[in-house]
Amino acid sequence: MHTMCSSLKAGFYELGGCSGCTFSFIQNLENLKKHNLEIVYFPALIDITEIPDMDILFISGAVCKEDKESVEKLLELRKKAKTIVAFGSCASVGGIMNFLIRGGQEPKPWQSRHFPLSEFIKVDRSVMGCPPGSLFISQLVNSLKSSNNKFDLFKFITRFKRLSCFNLLDEVIIPGLCVGCGVCAISCPTKAIVLIDGLPEFKVEKCIRCGLCYIRCPQNLKKWRQSKNE
Amino acid sequence: MEQKILTRIAGEARIIIKGKNNIIEDAVIYSSTPIRAFNTFAKGKNPEFVVEAIKRVCGICHAVHGCVSAITFEKCFNINPPDSAKILRKILVLINRCYSHTVAQFLLLKDIFKSEYFEEYYKIIRELMKLFACCTEIVGGTSFHPHNIIIGGFLSPLSEKKKDKLSSLLKIAEEETKKFIEALEDERLHTDIYKELSKIERKIEYFSVGKLEPKYLPERKDIRIEPVTGVEGELKHNISNLVAYYRNKVVETGPRARLFRTGDFTGSKIVDINRARVIEIIEAINEIKELLSEIKEEDRVLEEIKFKHGEAETFYEAPRGVLYHKVKTSLDGRVVEYEIIFPTMFNFPAIREVLKGVEKKFADIIVRLYDPCIPCVVH
């Protein structure tokens with residue numbers, strides 16, 4: 001898609017949320033510059049409020065369906081960027097926002113339903129995490145600059161709209177595919193997974209639906225790579 | 001009337017300025033970010049989940065939100081965590097304060113330093129942000145939304161190796177912060193706008209409950225929460241935040257209010273709120289050093305937990321000021337009611353007062369100086 005030597009005009013926009021993804025991204029700024037990403041739009045960093053045309057735009061936070069302004073903003077951002085990256089679990093699969101459905105809070109009690117970006121626009125890449133860590137961010141940027149036809153995890157996972165530890169249970173553990181490697185337990189940001197006698201055990205009340213355990217499972221990765229080759 | 005989007009803040013906020021001849025008569029700061037409903041979501045949920053969720057109210061002051069939520073549940077269930085767990089939490093919250101105050105400097109850098117000095121101090125602040133994030137990871141398990149904070153205490157103790165690592169990182173952080181403090185005091189490095197602002201004095205009543213853990217307990221009934229006033233029509237429906245007053249007064253809460261309470265600092269210039277922040281970083285580092293000597297790797301850090309019916313509230317000092325959590329639980333220990341009052345809710349009316357009578361060109365900087373952390377206010 002893009003060549004390694006050309007500089008890419010990039011932006012970051014926080015659609016709503018906790019700002020954790022914004023500051024995780026900021027922590028990786030030097031690393032992104034090494035990848036030739038030139039930040040041209042980032043309201044938390046630069047005093048530019050007009051949206052420029054961009055090669056890549058990272059968007060964090062989920063979209064509130066009852067907020068017309070957010071939906072319109074998202075559609076406008078889509079038009080301005082060649083590639084949209086859903087950055088973080090809220091933007092990718094709803095994350096913690098999946099639980100904030102009760103609404104009823106002043107001064108906007110009607111706002112209650114938050115959705116991943118892909119419910120409203122075409123998303124080109126997703127990166128999960130609460131927030132995504134530096135390793136994932138580097139891998140993602142490499143994937144964005146790669147022009148070959150290799151399996152691209154970040155592209156593949158844009159198809160998921162909701163994930164939780166139950167996806168891992170249903171698709172890996174119950175079918176007997178789990179090898180007890182423990183990657184899911186290491187990945188879980190709330191430590192909701194522990195390995196007991198070589199099998200993951202879930203403390204389901206601590207699952208925030210970030211999707212990390214599911215997408216980092218090597219057995220899933222093997223399955224997805226295979227399906228791509230077939 | 002002018003309306004503009006504020007940049008170099010965490011989250012999203014706008015300002016409406018009313019005034020004549022470049023002087024602000026009134027200014028309304030608000031956010032239109034959709035509400036996440038953290039005050040209503042918890043109903044019927046398991047307390048352990050609620051603590052994890054509440055860490056995600058804010059991506060900057062996550063540790064303090066998690067700790068205050070855990071403390072409030074513990075009071076509700078009569079759980080007394082081991083002393084070492086309390087110390088570990090305190091260390092984590094102090095690191096969180098250092099990180100949050102450093103983020104504030106990061107957002108203010110362009111306002112403070114002339115362009116020829118910007119890069120030098122940008123490097124120092126970026127280094128400090130990395131150092132404090134690393135310290136958070138060492139103690140809390142992760143650099144964002146630390147998973148070691150749980151009801152009953154702390155998930156894992158701090159090994160001697162980690163203690164040594166933490167001490168060495170804090171030593172570097174202290175040296176870097178001192179360099180930055182020198183630069184903050186050296187007006188030759190400052191932008192003209194910052195120099196002008198440094199001369200303006202404003203005095204708002206201060207509100208604090210102590211330095212960290214509450215020493216002076218206010219009462220919930222003394223806090224009034226209401227919609228933002230002075231905005232009419234369509235715009236009124238666009239505002240997502242509420243504001244708070246203490247004893248019916250506009251109050252400033254945060255670093256200066258805390259230091260004023262203890263008599264450590266009396267600066268009442270507009271920029272002094274930021275000087276108070278860097279003083280607090282040094283204070284926090286020194287306090288962490290002392291606390292580290294009080295814990296051992298083999299200490300017990302977790303108490304048995306049993307959920308039950310109850311009710312509790314906690315006042316605490318978050319980086320931005322006074323934070324309040326209240327919980328009620330049912331017979332099976334599930335949440336019936338949860339309420340959070342955030343410091344920025346007090347600080348929004350305070351900023352509005354400070355802006356009255358100053359030149360319009362100062363509006364953006366003053367918001368950043370006082371409280372650049374918007375996500376919490378729209379929780």
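Tutor: Two strands pair if DSSP finds at least two bridges between them. Strands (E, at least two residues) and helices (H or I, at least four) are DSSP runs, numbered from the N terminus. The model is predicted, so local features need pLDDT of at least 70 and side-chain atom pairs 80 or more, while totals for chains, interfaces and linings use all residues. Residues count from 1 along each chain as written, chains are lettered from A and ligands numbered from 1 in written order, and side-chain values use heavy atoms, without hydrogens or water.

Student: What makes E10(B) and E11(B) a pair?

Tutor: They are joined by 9 bridges, and the rule asks for at least two, so they pair. They run antiparallel, and Thr314(B) stands opposite His325(B) in E11(B).

Student: How do you know that E11(B) and E12(B) pair?

Tutor: By the bridge count again: 6 of them join E11(B) (residues 321-329) to E12(B), also antiparallel. That meets the minimum of two, so this is a pair as well. Val327(B) faces Tyr338(B) across it. The hairpin has 5 residues between its strands, and there Gly333(B) takes a positive phi near 85 degrees.

Student: Why are E10 and E12 of chain B called edge strands?

Tutor: The sheet is open, with 3 strands in the order E10-E11-E12 (chain B) and antiparallel pairing. E10 (310-318) and E12 each pair on one side only, so by the pairing rule they are the edges. From one strand to the next the twist averages 10 degrees (axes are lines fitted to C-alpha atoms, with angles from 0 to 180 degrees between N-to-C directions).

Student: What makes E12(B) largely enclosed by the rest of the structure?

Tutor: Of the 7 residues in this strand (335-341), 5 are buried, so the rest of the structure largely encloses it. Buried means under 20% relative accessible area, with a 1.4 Å probe and protein chains only.

Student: Why is Pro349(B) called buried?

Tutor: Its relative accessible area is 5%, so Pro349(B) falls under the cut-off. This proline lies in helix H9 (residues 343-355) of chain B. Its C-alpha atom is 8.6 Å from that of Val228(B), 121 residues apart along the chain.

Student: How do you know whether Cys58(B) is in a disulfide?

Tutor: A disulfide needs two cysteine sulfurs within 2.5 Å, and the count over all chains comes to 0. For Cys58(B) the nearest cysteine sulfur belongs to Cys376(B), 3.7 Å away, so the cut-off isn't met. Cys373(B) misses out too, since its nearest one, that of Cys58(B), is 3.9 Å away. At 0% relative accessibility, Cys58(B) counts as buried; Cys373(B), with 0% as well, is also buried.

Student: What makes a space a cavity, and how many are there of 30 Å³ or more?

Tutor: On a 1 Å grid over the protein atoms alone, a cavity is a set of points where a 1.4 Å probe fits but cannot get out; the count is 8. The largest holds about 180 Å³ (the space filled by probe spheres set on the points, which are joined across faces, edges and corners). It is lined by 21 residues (an atom within 4 Å of a point), and those closest to its centre include Gly17(A), Cys18(A) and Cys90(A). H1(A) gives the most to that lining, with 3 residues.

Key. 1 Å grid on protein atoms, 1.4 Å probe; cavity = no way out; pocket = protein on both sides within 12 Å on 5 of 7 lines; lining within 4 Å. Buried < 20%, exposed > 50% of the residue type's maximum accessible area, 1.4 Å probe, protein only.
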